[in-house]
Amino acid sequence: MNGLAVGCIYGLVALGFVLIYKATELVNFAQGDLLMLGAFIAYMAVVLWGLDYWVGLVIAVLVMAVFGALLDAVILRRVIGQPQFAVVMLTIGLGAMFRTFASVTWGSEIYTLPTPFSAKVTTLGGVTISHEYVSIIVGTMILCAVLYTFFTHTRLGVAMQAASQNQLAAYYMGIPVKLIFSLIWAISAGVAAVAGILLAPVSLIDINIGFIGLKAFAAAVLGGFGSIPGALTGGIIIGLIELYSGAWLPEGFKDVSAYVVLLLMLAVRPQGLFGALGRKKV
Amino acid sequence: MRFFFKTDYVQDIRLFRDKVDTFWYALLGLAVIALPLVLIALEEDYFIGEITWVFIYGICGLSLMVLVGFTGLVSLGHAAFLGIGAYAHAYFIQHGVPFSGAIVLAIIITTLAGILVGLPALRMTGIYLAIATLAFAIIIQEVFSRWESVTHGFAGMPVEKATVLGFSFEDDTAFYYLCLFFLVLALWLTKNLLRSPTGRAWIAIRDSEIAAQSMGVNLALYKTMAFAYSAGLMGMAGALFAHKIAYLAPDIFTVILSIQLLLLVIVGGLGSLHGAIFGAIFVALLPPTIAILRDYLPEAISRQPGLEAGIFGLILVLVILFEPLGIYGRWMKIKLYFSMFPMYKRATFKRQKSYMKSERLR
C-alpha cells in the first residue's frame with residue numbers, strides 16, 4: 001500500500017514529464033520543483049490564510065497552471081528548435097531559481113500541511129490502512145480518469161493530441177499550436193501541484209522535496225518516455241521496487257534501486273515498456 | 001582587417017594558426033607564469049589559491065568540452081568521474097604509492113570507468129544519455145558513502161599535500177605551477193587529438209551521426225573513445241582536486257557539481273577549447289565574487305543558503321536565451337566587430353530560423 005502510494009506520486013510527476021515531452025519534445029527537469037512550488041502554495045493557502053483544504057487545493061492548482069502557461073509563453077517557447085540539451089540545461093537553471101525563490105520566500109524550515117486525511121486509519125480485515133495513502137491512490141485515479149476523458153472526449157484534448165503528433169499538420173488544420181503548447185504546460189504544472197499536495201501529508205514540505213523528480217525520471221523511462229499509461233505504470237513499479245529493496249536488501253540499496261532499474265532498463269530496452277522505437281530514414 | 005591565406009596543407013594542422021597567434025599565446029603563457037610573483041609582491045596571496053581552482057576547473061572543462069562540445073554526448077554525471085579520480089588518487093597516496101604513480105593509476109581507473117559507462121551509452125542518444133549518466137552519478141555517490149574500507153564514508157578522507165620525486169608542493173605557489181603544468185598538458189593533448197582524424201570523427205558525430213556513419217566513422221569506437229578520454233581527463237583533474245581540497249567526502253561529488261561542470265562548458269562556449277578556459281574562470285571566480293557581493297545585499301537575501309545555486313541558475317537561463325555561444329561567442333563577436341570596423345553586421349552571427357528538429361526518430 002505504502003509503495004503503491006509513493007509509486008502513484010512518481011507516476012504523477014512522470015506524467016508531467018511525459019505530457020510536455022510528447023507535445024513539445026522538451027524535457028522538463030524543473031518538474032520536481034514545480035511540485036515543490038505547488039505544495040508551498042497550498043501550504044500558504046491552508047495554513048497561513050486559513051482556507052479550507054479543498055479551496056487551497058484548487059487555488060494551488062490554478063496558480064501553478066497559470067504559472068506553467070506563462071513559463072512556456074515567456075521563456076521556453078524561445079528555445080524550441082535549439083539543441084535538446086540546451087533546453088535541459090535551461091530547465092535545470094529554472095529549477096535552481098525556483099528553489100532559491102522558495103528558500104527566500106518560505107525559508108528552509110520543514111512544514112506540515114494539515115489535510116482531512118491526516119492521521120486517520122481504517123482497519124479492514126486485520127490490515128491497517130492509513131487514509132493518507134488511500135487519498136494518494138484515489139486522487140491519482142481520479143486525476144487520470146479526468147485527464148483521459150479530457151484527451152479523448154473534448155475538442156481541446158483531441159487538438160492537443162494532434163499538435164503533439166504532428167505540429168505542422170495540426171497548424172494547417174487551424175489548431176493554434178502555440179496556445180495548445182502553453183495549455184499543455186499549464187496542465188503539466190497543475191498535475192505537479194496535485195502531486196505535491198497529495199505527497200505533502202506523507203513527506204513533509206521543504207525546499208528539497210523537488211528532488212523526487214529525479215526518481216520520477218526512472219518511472220518515465222521505465223514506461224517509455226512518451227507513453228502516458230507507461231508513466232503511471234512505471235511510477236508504481238518503481239515505488240514497489242523501492243519498498244521491497246528497502247525491506248530485503250542491505251542498507252543503501254533503497255535509495256539507488258530506482259536508478260539501478262533505470263540503467264538496466266536503458267541498457268536492455270531503451271524504448272521502455274510501452275514505448276515504440278522509431279528509426280530515422282534518410 | 002588581417003587576411004589569412006592558406007598556401008600549404010601543413011598550415012591546417014599547425015598547433016597555432018600563424019606567428020601572430022603564437023606570439024599572443026606565448027605572451028599569455030608568460031603572464032600566467034609571472035602572475036603568482038606579482039600577486040606575492042602585492043601581498044594578495046589568497047588569489048593564488050583561487051586561480052589554482054581555475055586551472056583544475058579548466059581541466060574538468062576540457063574533459064566535458066570533448067564530450068559535450070565536440071562529440072555531442074551530454075553527460076549529467078561527470079562529478080562521478082571526478083570523484084572516482086579523486087578517491088583513487090587519495091587511496092593510492094595513502095597506501096604509499098608516489099604521486100606520479102598514483103595519478104597515472106587514477107587516470108587509468110577513471111578511463112576504465114568511462115569505457116564502462118560509454119558502452120551502454122552507445123545505444124542511447126540525447127536525453128536518455130543525460131538521464132543514464134545522471135543515474136550513474138547518483139549510484140556512484142552512494143558507493144562513495146557506503147564503501148567505507150576505501151573511501152571512509154562520511155567520516156571523510158584527509159589527503160596530504162602533493163610530493164613529486166621528493167619535491168614538496170605544500171606551498172600554494174608551487175601547487176599553482178603543478179596545476180598549470182597539468183592544464184597545459186591537457187590542453188596540448190586535447191588540441192592534438194582534435195586536429196587528428198579522431199577529433200574530426202568526433203566533430204562529425206556531433207554534427208550528424210548518420211552522415212558520420214555513412215562516411216565510414218565507426219560510431220561505437222569513437223563514442224567510447226570520447227567517453228574514455230573525457231573520463232581520463234576528469235580523473236587527472238580529480239587527483240589535483242583531491243590535493244587542493246585536502247579532505248574528501250561523498251557529499252562533494254553531487255549532481256549539483258555535475259550541473260556546475262556543464263554550466264561551465266555552456267557559459268564558456270560550446271565547441272571551443274577557449275570556452276573551457278573562459279568557463280573555468282567564470283565558475284571558479286563566481287563564488288568568491290558572490291561572497292563579496294553578499295556584504296552589499298540586504299540581510300534577508302544575503303543570508304539565504306541557496307543563493308549561489310539560484311544565481312548560477314539565473315546565469316544559465318540568461319546565457320541559453322541570449323548568448324547560446326557563451327563567453328567565447330561574445331569574444332568572437334567583439335573581435336569581429338573591431339576587425340571589420342565599421343562594417344560589422346549583426347546578422348553574421350544571427351541564429352538561423354530553425355523549425356523543431358524531431359529527436360523521436362533516429
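Helices, meaning DSSP runs of H or I with at least four residues, are numbered from the N terminus. The model is predicted, so local features need pLDDT of at least 70 and side-chain atom pairs count only at pLDDT 80 or more, while totals for chains, interfaces and linings use all residues. Residues are numbered from 1 along each chain as its sequence is written, chains are lettered from A in the order in which they are written, and side-chain values use heavy atoms, without hydrogens and water.

On chain B, helix H1 (19–41) and helix H7 (172–195) each supply at least two residues of a nonpolar surface patch. Leu15(B), Phe16(B), Tyr25(B), Leu28(B), Trp188(B) and Leu189(B) make this patch, which covers about 530 Å². Such a patch joins nonpolar side chains within 5 Å, from residues with over 30% relative accessible area and no salt bridge. Trp188(B) lies in helix H7 of chain B; it counts as partly exposed (between 20% and 50% relative accessible area, 1.4 Å probe, protein chains only) because its relative accessibility is 45%.

Attention now turns to the interior. The whole structure holds 1 cavity of 30 Å³ or more, a cavity being a set of points on a 1 Å grid where a 1.4 Å probe fits but cannot get out. Its volume is about 220 Å³. Of the 17 lining residues (those with an atom within 4 Å of a point), Phe29(A), Asp33(A), Arg99(A), Phe211(A) and Leu214(A) are the closest to the centre. Helices H2 (31–48), H4 (84–106) and H9 (212–222) of chain A and helix H11 (255–268) of chain B each contribute at least two lining residues. H4(A) gives the most, with 4 residues.

How values were computed. On a 1 Å grid over the protein atoms alone, a cavity is a set of points where a 1.4 Å probe fits but cannot get out, and a pocket is an open set with protein on both sides within 12 Å along at least five of seven lines; lining residues have an atom within 4 Å of a point. Grid points are joined across faces, edges and corners, and a volume is the space filled by probe spheres set on the points. Patches are made of residues with over 30% relative accessible area and no salt bridge: like charges are joined within 9 Å, nonpolar side chains (Val, Leu, Ile, Met, Phe, Trp, Tyr) within 5 Å. Accessible areas come from the Shrake-Rupley method with a 1.4 Å probe; for residues, only the protein chains shown count as cover. A salt bridge is a side-chain nitrogen of Lys or Arg within 4 Å of a carboxyl oxygen of Asp or Glu.
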